[in-house]
Amino acid sequence: MLEHVEDTGFVGYIGQKLRRLRKAQNLTQLDLAVQVGITNGQISTIERGVSSPSIASLHKISQVLGVS
C-alpha cells in the first residue's frame with residue numbers, strides 16, 4: 001500500500017521515500033550522491049519529485065540504502 005502521496009504522484013512518492021530513508025541513515029544528499037555516483041543536485045531533484053531517477057540510479061540508490 002502506498003503511503004501518503006502528495007500531488008506529484010508516483011515520482012513524488014519515490015522522492016519522499018528516498019528522503020526518509022536517507023535521513024534515517026543520517027546521510028546528507030552529498031553523502032548519498034557520492035556513494036551512488038551521481039550529483040547531489042540529482043538527489044535533490046529526485047527527492048523533490050521534480051525528476052525521476054533512471055532504473056540504474058534507482059538500483060544503486062537502493063543498494064546504498066540497503067532496501068529492495
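These are my notebook entries on a predicted model of one protein chain.

**Entry 1, overall make-up.** I began with the secondary structure and found four helices and zero strands in the protein chain, so that I could write the order from the N terminus on as α-α-α-α. I then looked up burial, and noted that buried residues make up 32% of the 68 residues in the chain. For the contacts between residues at least 6 apart in sequence, I recorded that 49% join residues at least 24 apart.

**Entry 2, the nonpolar core.** Which residues make up the largest nonpolar core? I listed Leu-18, Leu-27, Leu-32, Ala-33, Val-36, Ile-38, Ile-43, Ile-46, Ile-61 and Leu-65, which is 10 residues in all. Going through this core by helix, I saw that H2, H3 and H4 each supply at least two residues, and that the largest share, three residues, comes from H2. I picked out one core member, Leu-27, and looked up its partners: leaving aside neighbours within four places in sequence, Leu-27 is in contact with Arg-22, Gln-35 and Leu-65.

**Entry 3, helix H3.** I turned next to H3, which spans residues 40–47, and noted as its buried residues Ile-43, Ser-44, Thr-45, Ile-46 and Glu-47. Two of the names in that list, Ile-43 and Ile-46, I had already written down as members of the largest nonpolar core. What covers the buried residues of H3? I found that the cover includes helix H1 (9–24), helix H2 (29–36) and helix H4 (55–65). I also checked the backbone just after H3, where Gly-49 takes a positive phi of about 75°.

**Entry 4, H2 against H4.** Two packed helices are described by the angle between their axes and the distance between the axes, and I looked up both values for this pair. The axes of H2 and H4 come within 9 Å and cross at roughly 115°. Because angles from 65 to 115 degrees count as roughly perpendicular, I entered H2 as roughly perpendicular to H4. As to handedness, I noted that H2 passes H4 in a right-handed crossing.

I then wrote out the residues on each side of this contact: H2 brings Leu-32, Gln-35 and Val-36, while H4 brings Ser-57, Lys-60, Ile-61, Val-64 and Leu-65. Sorted by class, the contact of H2 with H4 has five nonpolar, two polar and one charged residues. Comparing with my earlier list, I found Leu-32, Val-36, Ile-61 and Leu-65 among the residues of the largest nonpolar core, and I noted again that Gln-35 and Leu-65 are both in contact with Leu-27.

Notes:
Residues numbered from 1 in each chain as written. Predicted model: local features only at pLDDT ≥ 70, side-chain atom pairs only at ≥ 80, totals over all residues. Heavy atoms only, no water. Buried < 20%, exposed > 50% of the residue type's maximum accessible area, 1.4 Å probe, protein only. Contact = heavy atoms within 4.5 Å. Core = buried A, V, L, I, M, F, W, Y, C linked by side-chain atoms within 4.5 Å. Axes fitted to C-alpha atoms, helices over the stretch in contact; angles between N-to-C directions. Parallel < 35°, antiparallel > 145°, perpendicular 65-115°, else oblique. Left-handed = near helix turned anticlockwise from the far one by under 90°. Nonpolar A, V, L, I, M, F, W, Y, C, P; charged D, E, K, R; others polar.
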